[in-house]
Amino acid sequence: MLPMTQEDGDLDSLVRKRIRALRVAQGWSLEELASRAHLSQSTLSRIENGRRRLALDQLVTLARALDTTLDQLVETATDDVVTSPTIDSTHGRMRWTVKADPGMSVVRQRMTEPPPENPARMRAHPGREWLVVLSGTAILMLGHRRFRLETNQAAEFPTMMPHAIGADGGPCEILGIFDRDARRGHQSDSDDDTRGAPE
């Protein structure tokens, strides 16, 4: 059994709520999750309702059945929930690091210039990128293809494909999410003043 002191009461309650929330999010009944976790339906019901102590072996089994990890199931909220961006005024960017994966980052950027016409000025590097247009219209050059992205439209692509992005017909603002490799590639591009419109 997990030793639960009075100070752990909040965690105990959180874990139970989390199990139920994950089950409901999957659209599973008590019976279905109990079957997947090799528990009886009554045992699972008592776990969710706080009428049974949390046993470590049952939590491990439930975490697997819910497609999560024990660490994620029992993690507590940290005090540093709010994050302020790092501001790069030279390139018109705000960057936030994703705490759960410091290799990832979220970038908000305002662009006024169109993407470069010369394919040689497009960049390619390992990684993957997802972006959404917050306002205005953006043009995404991806290999030999040209995509027009209106406000609220998103794009996702591997950054090994030569790419560039810029504004179309006036300023636009984008929000991008970069994995670890794409972030490194964009940091290296930021130091290269010869590239065209900022990505």
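**Close-up views of the predicted model**

**View A. T137 is found in the loop that connects β4 with β5 (138-142).** Helices (H or I, at least four residues) and strands (E, at least two) are DSSP runs, numbered from the N terminus. The structure is a predicted model, in which local features need pLDDT of at least 70 and side-chain atom pairs count only at pLDDT 80 or more, while totals for chains, interfaces and linings use all residues. Residues are numbered from 1 along each chain as its sequence is written, and side-chain values use heavy atoms, with hydrogens and water left out. With a relative accessibility of 11%, T137 counts as buried; buried denotes under 20% relative accessible area, exposed over 50%, and partly exposed the range in between (1.4 Å probe, protein chains only). The side chains of T137 and E150 are joined by a polar contact of 2.8 Å. Such a contact is a pair of N or O atoms within 3.5 Å; within protein, one must be able to donate a hydrogen and the other to accept it, and residues adjacent in sequence count only if both atoms are side-chain atoms. When neighbours within four places in sequence are left aside, T137 is in contact (heavy atoms within 4.5 Å) with R148, L149, E150, G166, A167, D168 and C172.

**View B. Six strands form an open sheet with antiparallel pairing.** The strand order is β1-β2-β3-β9-β4-β7, two strands being paired if DSSP finds at least two bridges between them. β1 (86-88) and β7 (154-158) are the edge strands, each pairing on one side only. From one strand to the next, the twist averages 20°; axes are lines fitted to C-alpha atoms, for helices over the stretch in contact, and angles run from 0 to 180 degrees between N-to-C directions. Strands of a sheet pair through backbone hydrogen bonds, either parallel or antiparallel.

**View C. Strand β3 (residues 105-111) is largely enclosed by the rest of the structure, because five of its seven residues are buried.** Five bridges pair β3 with β2 (residues 93-97) in the antiparallel sense, and within this pairing R95 has V107 of β3 as its bridge partner. β3 also runs antiparallel to β9 (residues 172-178), to which seven bridges join it. There, V107 is partnered by G176 of β9.

**View D. R128 and E156 meet through their side chains in a salt bridge (3.1 Å, N to O).** R128 belongs to strand β4 and E156 to strand β7, so the pair ties together parts that are 28 residues apart in sequence. A salt bridge is defined as a side-chain nitrogen of Lys or Arg within 4 Å of a carboxyl oxygen of Asp or Glu. R128, at 38% relative accessibility, counts as partly exposed, whereas E156, at 51%, counts as exposed. Elsewhere, R148, E150 and D168 are joined into one network by salt bridges that share partners. β4 (residues 128-135) and β7 pair in the antiparallel sense over five bridges, and E129 has F157 of β7 as its bridge partner.

**View E. Salt bridges are also found in helices α1 and α2.** In the whole structure, a search finds seven salt bridges. The side chains of R16 and D12 form one such bridge, at 2.7 Å from N to O. These two residues are four apart in helix α1 (residues 9-26) and are therefore separated by about one helical turn. Both R16 and D12 are buried. In the salt bridge of R36 with E32, the closest N and O atoms are 3.2 Å apart; this pair, four residues apart in helix α2 (residues 30-36), is likewise separated by about one helical turn. R36 is partly exposed, with a relative accessible area of 43%, and E32 counts as partly exposed at 32% relative accessibility.

**View F. The largest nonpolar core has 16 residues, of which I19, L33 and L62 touch the most other members.** A nonpolar core is a set of buried Ala, Val, Leu, Ile, Met, Phe, Trp, Tyr and Cys residues joined through side-chain atoms within 4.5 Å. Two or more residues of this core come from each of α1, α2, α3 (41-49) and α4 (56-65), and α4 gives the most, with four residues. Neighbours within four places in sequence left aside, I19 is in contact with L33, L44, I47, E48, L59, L62, L66 and L73. Another core, of 13 residues, lies apart from the largest one and has M111, V133, C172 and I174 among its members.
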